[in-house]
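Work through the exercises below with the sequence and the coordinates open beside you. Each task sentence is followed by a solution that proceeds step by step.

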There are 2 protein chains.
Amino acid sequence: MTSITTKQIRLAKRPKGMPEKSDFEWNKMALENPDTGEVLLKTLYVSVDPYMRGRMSDSKSYVKPYEVGKMITGGVIAEVIDSKSSDLQKGDVVIGDLGWQTYHLVPENQLRKINPEQAPISTHLGVLGMPGMTAYFGLLDIGKPKEGETVVVSGAAGAVGTVVGQIAKIAGAKVVGIAGTQEKINYLKNDLHFDEVVNYKSENFRDELKQACQDGIDVYYDNVGGEVSDSVLRLINKGARIPVCGQISLYNLEKPDLGPRIQSQLLINSALMKGFIVSDYGAHFEEAIQDLAKWLNEGRLTYRETVVEGFNNIPDAFLGLFKGENIGKYIVKVADREVN
Amino acid sequence: MTSITTKQIRLAKRPKGMPEKSDFEWNKMALENPDTGEVLLKTLYVSVDPYMRGRMSDSKSYVKPYEVGKMITGGVIAEVIDSKSSDLQKGDVVIGDLGWQTYHLVPENQLRKINPEQAPISTHLGVLGMPGMTAYFGLLDIGKPKEGETVVVSGAAGAVGTVVGQIAKIAGAKVVGIAGTQEKINYLKNDLHFDEVVNYKSENFRDELKQACQDGIDVYYDNVGGEVSDSVLRLINKGARIPVCGQISLYNLEKPDLGPRIQSQLLINSALMKGFIVSDYGAHFEEAIQDLAKWLNEGRLTYRETVVEGFNNIPDAFLGLFKGENIGKYIVKVADREVN
C-alpha cells in the first residue's frame, strides 16, 4: 500500500470568547504504512462536543488543554483500511480519542472495536458512547432519581440531556426539560414524552419553571449553568441532588461568572451538588453500555442525531453547538464505510 | 410548692441586617405546678448559636422561623426542681430545645437526661452536644478525610470548627484552620495542634492560604461562606469534598449575596458539595456521642468554652457570635445547680 496523505484540522490560536473559524487551521500530512501493532484508519464520523471548548483555553479544566498549532482531538469512529495488528482486521470499525484527521496511523491499543450489528455505528458517539454514559452515571450515581420525584434537566435537547430525561422516565420520575427553541420543545414533549418542557428564553421563564415543578425539584441535572441554574436552584427540595455535568452557557465568557452564591440554598435543603466527568466511571463503562443498548433495543430509549457531512465542516459544526443548532448528538460524517 | 415566675426573652421584631438589642424584649410569666408527666425546670445554661439568626428572619431556613412576640428557643441545660414524671427526679439534669427562660414547665418527653458524671454538664451544649455532633457528621460522613489529605476548616475557632479540626487530626489529615484574631490562631496552633492557621482578615489571605495548602485542599468544612469560601474553592483538588455547615458571614446581609459561581470549580474537579443539618443524622446521635466522649476521655479531643454569666446577657452573647467574640462554644450560665 502506498503512503496516504491525511488532512488535519489544528488549533490556530486560542479563542477569545465565542470561537471563530479563524481559530482553526487546515494542514496536510503524509502517513507512513503501519508498523507491527499499528493500524491505518479512515475516518467515518467525528464527534463535536461542548467540553472541547474548555480544552481550547489554557486554563485548568477536566483534561489537558489542546496545544496551539497541534491537532484537535476527540471522539472519532473510523474503519481499519490497513493493519499490522493481530486484533484488528481490515474492515473493522473502531472508536478512539483521535485527531480531526481524514486518516490515522495509530497503535491498536488506543482503539476499541465496535460491533456494527449492535446498533448504527454513529450511536457509539452518542447514546451508546460518551454522552450516553455521561447521562447514565450522572443521573443514576449522583442524581439517584426515585419514582414520583421531579427531575429537571437543562440543555435537555442535547446529546446528554435527551438521554438523561429518558432514563429519568425509566426510573419513574416526572421529567421537566429546559430548552431554547420550539422545535426542541416539541421533540422533547412529543417524541421523548417529557412531562413538561420550559423555554429558558421566555420572558416568564422563572414563573413557567415554577409552574412546571409544582412539587419542587428533587434532581437537577445541570448541563448549562449560569442564570438558568440560578432559577432552578431556587426551587430545590430538601435532600435534592444536583449532578453538574456541564456549564455550556459559560464556556465562552470572557469575564468572571458572577451570580448568587448557592451555598445557603444547599445548606437549608441539605442538598448535594457534585461535578463529574465520565472518565470518573471508567471501571463501569460496560455496565452502562449494556443497560443503554438494552433500553435502545426495547424502544425505551430513542435518539436523534444532527449530522453534517464533510470533513471541512467540523469547525462549523463545533461552533453550532454554542448556537443551540443541534437536537441530540451533533456529528460530522466524513466518509462512508469501504467494507459493508 | 407555690407557683414560680419565670423571666423570658422574646423576639420583639425581626432584625434587619446585624441584630440589635432592641430586637429582643423581656417578659415575666407565672408557671403552674407540674401536672402528671410534666416537670418544673430551672435553667442552668443557655446555648447561643449562629443558626438562630436564620430563625429570626421569616425566610425559609433549616427550621421554622421564630415568631415575633414569642419566646426564642434553643439548646438549654436545666435542673429538675419539681417532678410529676416517673422518669425524672428532682435534682436530675436535662437538656432540651427550650425557651430563653429562667424556669420551664415542660412534658418529660421533650427532655433528655444528662449524666453529670460523664463530663462537665455544659459540654452537652458543645463538644458532646449539637456543635460536636455537627462537626462529627459533617466531617466524617460528607468530608471523609483520609490520612495525609489536607482538611481546611473555616470558623475554625468556633464551637464546631474546633471539633472539626481535632477529628480531622485524629483521622490523620493535615489541618488548616481559618480564623480572625491572633488569640484564636494561637489557641488553634498551640492548644489544638492545627498544622496551619490563616487569618482571613490578612491583606494577603489568599496567598497565605495557598502557602498553607501546598498540596491543595481535599476537604473544606465550611462554616462561614462568602469571600473566604471563594478563596478556598480556588484551591480544591480533584475529588474534593465540601460539607456546608454554616454561612455565618452572610446571615446578616441585607442584599443578595453575589460571588463567582462555583459550579465550574466543582465540575473540573469532580468535587462534591453538600449542605446538612445535624438533625439529618438523628438516627446516629448515640454513636457520635460515644466516639466524642471517648476521645474527650482519652485527651485526644479538648475544648474551650466562652461563658458569660447572667440570664439578661443572653442577647449580648448572641450578638457576640457575629463579632467573633468567642473561642469554642459560647454559653450563658444562668444559675448553679441546687443539688450537687
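The exercises that follow go from a single chain to the pair of chains, then to the sheet and to two backbone angles.

The model is predicted, so local features are reported only at pLDDT of at least 70 and side-chain atom pairs only at pLDDT 80 or more, while totals for chains, interfaces and linings use all residues. Residues are numbered from 1 along each chain as its sequence is written, and chains are lettered from A and ligands numbered from 1 in the order in which they are written.

**Exercise 1. Describe the overall build of chain A.**

Step one is to take the secondary structure: chain A has nine helices and 16 strands, where helices (H or I, at least four residues) and strands (E, at least two) are DSSP runs numbered from the N terminus. Step two is the extent, since the C-alpha trace of chain A spans about 65 × 45 × 35 Å along its principal axes. Step three compares the radius of gyration, 21 Å for chain A, with the value near 20 Å for a compact globule of 340 residues, and the two agree; the radius is taken over C-alpha atoms, and the globule rule is 2.2 Å times the number of residues to the power 0.38. Finally, 50% of the 340 residues of chain A count as buried, a class that requires 20 or more other C-beta atoms within 10 Å of the residue's own, whereas 12 or fewer make it exposed and values in between partly exposed, with C-beta atoms placed from the backbone.

**Exercise 2. Determine how chains A and B are related and what forms their contact.**

Begin with the superposition, by least squares on the C-alpha atoms of residues with pLDDT of at least 70 in both copies: a rotation of 180° with 0.0 Å of shift along its axis brings chain B onto chain A with an RMSD of 0.0 Å. That is the relation of a two-fold axis. Next, count the contact, which takes 31 residues from chain B and 31 residues from chain A, two residues being in contact if their C-beta atoms, placed from the backbone, lie within 7 Å. On the side of chain B that touches chain A, α7(B) gives the most, with five residues. Lastly, 100% of the interface residues of chain B are also interface residues in chain A, so the copies meet through the same surface.

**Exercise 3. Trace the sheet that involves both chains.**

First write the order of this open sheet of twelve strands with mixed pairing: β10(A)-β9(A)-β8(A)-β11(A)-β12(A)-β14(A)-β14(B)-β12(B)-β11(B)-β8(B)-β9(B)-β10(B); two strands pair if DSSP finds at least two bridges between them. The edge strands are β10 of chain A and β10 (196-199) of chain B, each pairing on one side only. Then look at the junction of the chains, where three bridges join β14 (residues 272-275) of chain A to β14(B) in antiparallel fashion, and where A:Met273 has B:Met273 as its bridge partner.

**Exercise 4. Locate two residues with positive phi and give their exposure.**

Recall that most residues other than glycine have a negative phi. A:Lys144, in the loop between α2 (130-143) and β8 (150-154) of chain A, has a positive phi of about 45°, and A:Lys144 is partly exposed, with 14 other C-beta atoms within 10 Å. A:His193, in the loop between α4 (182-191) and β10 (196-199) of chain A, has phi near 60°, and A:His193 is exposed, with 12 other C-beta atoms within 10 Å.
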